[in-house]
Amino acid sequence: MPRLGDESGTTGASFGARALVLADVLAESSDSPEYLACTYMTLAHRAVAARLREWMRIAGMTASIDAVGNVVGRYPSERPDAKTVIVGSHYDTVLNAGKYDGRLGILSALLAIEELHRTGRKLPFNIELIAFSEEEGVRFSSPYLGSSAVAGKFDMSLLPRRDAGGYGLADTLAAAGFDPHAIPALARKREDLAGYLELHIEQGPILLGEGLPVGVVTSIAGAVRYSVVVTGTAGHAGTVPMQMRHDAAAAAAELTLLVETRARQAPGLVGTVGRLTVPNGAINVIPGRCEMSFELRAGEDAMRDAALADVLAGIKAIQQRRGVTIDAKEVLRSPAVPCTPRIQKLFGDAVARAGITPRLLPSGAGHDAVMFDKLTDLGMLFVRCGNGGISHSPLETITAADADIGVRILLDVLVNYQS
Ligand code: HGY
Ligand code: MN
Ligand code: MN
């Protein structure tokens, strides 16, 4: 029987070692020769999808790529009327990414299901392993395109949205051979589902700091994201007196510090300006335009929304004082989502059976799991990150030993799952 990792000669290695090798193979496909980037529907993205579909078939599943680019593997139950547990995560990445964000969850589930297949074990429920096509929201500034489609929450009004190069989402899908109008039919029915499970790297320092290989997620932070254009007055850097300037970059800098200062005012609240550019800027020109983003996150929506209200009020004050206009457009609002206590307990019990103290912790990062809120029970397992917990960076790292523990716990949860 062919095994995952045959081509890299790692079949006999541990689950964890094989997961890392498979992640290396996926990372060979990138939008850039300089760093890892796998953004929606690029050639690299399509190559990764094709490889995952092949691996799902080797692992004993039927596999296909759906209308929004999700790679869906199916490991059927022996019961014809069985419900389905979805195990998922995403295969797209940010720019200059690490190899494990999203992908570790897919590969861990792949190895766990291959083990079920290898030992001829069927479960009282179907498993759908879904490698979601777009979680980060990099190319079209709208995350969760893949998981929102599966959860019946895909926003069809996004189809005209354009990327930085002016390519539309609908055109991009059609050019890749997908039918955007087939997306609504991907929605799973509540009554068919028995739960959603996701393994993911922690992307933070808590497990590393406490010497724990894994943790059980209690809730997933909610985020609000804004795209901002600051318009001032361009001018000669040498001749315009300071008191006469309407400097768009200085106004953007003030907004950046406002976001940071406000986010420091409450524990668990975070604020980030991730993009800040002066289009066609020149060293001797007062910036007339500045494009930027900001986002705010917290474990509770009320805390996040109070901070947002203060930032929006601050924007008005900056506009008036500096004589600029600041167009701030909300591009994402995702609520904080609690993980289902029943599934937190399933993960916690499996962690304890592995001889590890179950550590409960919130997720500051967003995950595909949020799309399954109010649709089915959902839960997540975190795997420790090395290098201080850094993520969204090529410095993102995990160990084979921790990855191995993650696969074994996920397998244990599946085998003991009460659907
Ligand atoms: O931004 C996030 O929280 C996730 O990594 N997409
Ligand atoms: Mn990410
Ligand atoms: Mn992720």
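Colleague: What makes Asp 101 a bridge between the manganese ion (ligand 3) and the manganese ion (ligand 2)?
Modeller: Asp 101 coordinates both ions, which lie 3.4 Å apart. This is a predicted model, where local features need pLDDT of at least 70, side-chain atom pairs count only at pLDDT 80 or more, and totals for chains, interfaces and linings use all residues. Residues are numbered from 1 along each chain as its sequence is written, chains are lettered from A and ligands numbered from 1 in the order in which they are written, and side-chain values use heavy atoms, with hydrogens and water left out.

Colleague: Why are His 90, Asp 101 and His 200 called donor residues of the manganese ion (ligand 3)?
Modeller: A donor is an N, O or S atom within 2.8 Å of the metal (3.2 Å for Na, K and Ca). Here NE2 of His 90, OD of Asp 101 and NE2 of His 200 sit at 2.1 to 2.3 Å, so they pass the cut-off. Water is not among the atoms, so a site may look incomplete. In sequence these donors are spaced H-x10-D-x98-H.

Colleague: How do you know that the pair Asp 101 and His 200 links distant parts of the chain, and what elements hold the two?
Modeller: They are 99 residues apart: Asp 101 is in the loop between strand 3 (84-90) and helix 3 (103-118), His 200 in strand 5 (residues 193-201). Those elements are DSSP runs numbered from the N terminus (helices H or I, at least four residues; strands E, at least two).

Colleague: And which residues make up the site of the manganese ion (ligand 2)?
Modeller: Asp 101 (OD), Glu 136 (OE) and His 392 (NE2), at 2.1 Å. Their spacing reads D-x34-E-x255-H. Glu 136 lies in the loop between strand 4 (126-132) and helix 4 (145-150), 35 residues from Asp 101.

Colleague: Why is His 392 called partly exposed?
Modeller: Buried means under 20% relative accessible area, exposed over 50%, and partly exposed in between (1.4 Å probe, protein chains only). His 392 has 40%, so it falls in the middle class. Asp 101 and Glu 136, by contrast, are both buried, and His 200 is buried too.

Colleague: What makes the phi of His 392 worth a look?
Modeller: Most residues other than glycine have a negative phi. The phi of His 392 is near 55 degrees, a positive value, and this residue is in the loop between strand 16 (378-383) and helix 10 (400-415). Gln 203 also has a positive phi, near 65 degrees, and is placed in the loop between strand 5 and helix 6 (206-210). With a relative accessible area of 18%, Gln 203 is buried.

Colleague: Why is helix 2 called roughly parallel to helix 3?
Modeller: Angles under 35 degrees count as roughly parallel, over 145 as roughly antiparallel, 65 to 115 as roughly perpendicular and the rest as oblique. The axes of helix 2 (residues 43-58) and helix 3 cross at roughly 20 degrees and come within 9 Å, which makes the two roughly parallel. The residues in contact (heavy atoms within 4.5 Å) include Leu 52 and Trp 55 of helix 2 and Ile 106 and Leu 110 of helix 3.

Colleague: Last one: how many helices and strands does the protein chain have, and what makes the fold as compact as a globular protein?
Modeller: There are 10 helices and 16 strands. The radius of gyration is 23 Å, close to the 22 Å of the globule rule for 419 residues, so the chain is as compact as a globular protein of that length. The radius is taken over C-alpha atoms, and the rule is 2.2 Å times the number of residues to the power 0.38. Buried residues make up 55% of the 419.

Technical notes: Axes are lines fitted to C-alpha atoms, for helices over the stretch in contact, and angles run from 0 to 180 degrees between N-to-C directions.
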